[in-house]
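Work through the exercises below with the sequence and the model side by side, attempting each task before reading its solution.

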Amino acid sequence: MSILITLEGGDGSGKSTQARLLSLALIDNGYKVTLLREPGGTKLGENLREILNDSQGNHTALTDMSQLYLFLAARTQLVAERIAPVLSKPNNVIVCDRYIDSTVAYQGYGFGFDIDFIKQANYNAIGNFMPNLTILIDCPIETSIARTLSRTEDVSRFETKPNDFHQRVRSGFIELANENPDRWKIVDGTLDEKTLSQHIFTLALDVINKFDIK
Ligand code: TYD
């Protein structure tokens, strides 16, 4: 048995830092860990990430629907190339920075695509490779915006989307978490980095022990 832990949250929630800290803490404790991110983690996924982030300004006209399908393409490739092979081995932990729920929160609650359609599309992309634990790093959007604006390379991302978009994404994540409390744990993204990482590590260990991962 192996497990998949996903981290979710809005832009600037500190998720990527926490995914890295969690992986390091688990490795320190002797677990076999694979750290992945979405979109990314495969050659195709990293290329699609570049297109979706559009750092070169070559794809500014991507429609919301095109983006949705690119996120799904990156995901199905990630499952085939990285997630399925690792989960087929015993005693492995995958930590994935964003996964299915980002698409429901962003493309569904944020951009307004039908939620059930996205959930079905996610299921088509991943099959049975559902997360065993999903940690939502919840953060007021004022905090996320302040953090993101301090990382200059990400400024455009917030500037191009109105605050109410980020608000919808945040409440979408909370709704998803409340729908499925067995899988989700919500943590406070305003906590300092170290306190939050210890909290997340404890939540991860609970699930690791439950599945008897060695
Ligand atoms: P990422 O670079 O991981 O941003 P952050 O470091 O803030 O987590 O994510 C890229 C952007 O892509 C982010 O704004 C969220 C968005 N996204 C979606 O809209 N849908 C998705 O399915 C995924 C995986 C990400």
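**Exercise 1: the fold**

Counted from the N terminus, the elements of the chain follow the order β-α-β-α-α-β-α-α-β-α-α-α-β-α, where helices (H or I, at least four residues) and strands (E, at least two) are DSSP runs numbered from the N terminus. This is a predicted model, in which local features need pLDDT of at least 70 and side-chain atom pairs count only at pLDDT 80 or more, while totals for chains, interfaces and linings use all residues. Residues are numbered from 1 along each chain as its sequence is written, and side-chain values use heavy atoms, with hydrogens and water left out.

Task: State how many helices and strands the chain has, and how its radius of gyration stands against the globule rule.

Solution. Step one is the count, which gives nine helices and five strands. Step two is the radius of gyration, taken over C-alpha atoms, for which the globule rule is 2.2 Å times the number of residues to the power 0.38. The chain has a radius of gyration of 16 Å, close to the 17 Å that the rule gives for 214 residues, so it is as compact as a globular protein of that length.

**Exercise 2: the ligand shell**

Task: Describe which residues and elements surround the ligand, and which side chains have an N or O atom close to one of its own atoms.

Solution. Begin with the shell, meaning residues with a heavy atom within 4 Å of the ligand: there are 14, and the closest are D11, K15, R49, T103 and Q107. Next, look for polar contacts, that is, pairs of N or O atoms within 3.5 Å. An oxygen atom of the ligand lies 2.5 Å from such an atom in the side chain of K15, an oxygen atom is 3.3 Å from one in the side chain of R75, and a nitrogen atom of the ligand is 2.8 Å from one in the side chain of Q107. Then turn to the elements: α1 (15-28), α3 (64-87) and α4 (100-110) each give two or more residues to the shell, and α4 gives the most, with four residues.

**Exercise 3: a residue of α4**

Task: Decide whether A105 is buried or exposed, and find what it touches.

Solution. A105 lies in helix α4 and has 0% relative accessibility, so A105 counts as buried, the cut-offs being under 20% relative accessible area for buried, over 50% for exposed and partly exposed in between (1.4 Å probe, protein chains only). Leaving out residues up to four places away in sequence, A105 touches G110, V169, F173 and L176, with contact meaning heavy atoms within 4.5 Å.

How values were computed: A polar contact is a pair of N or O atoms within 3.5 Å; within protein, one must be able to donate a hydrogen and the other to accept it, and residues adjacent in sequence count only if both atoms are side-chain atoms.
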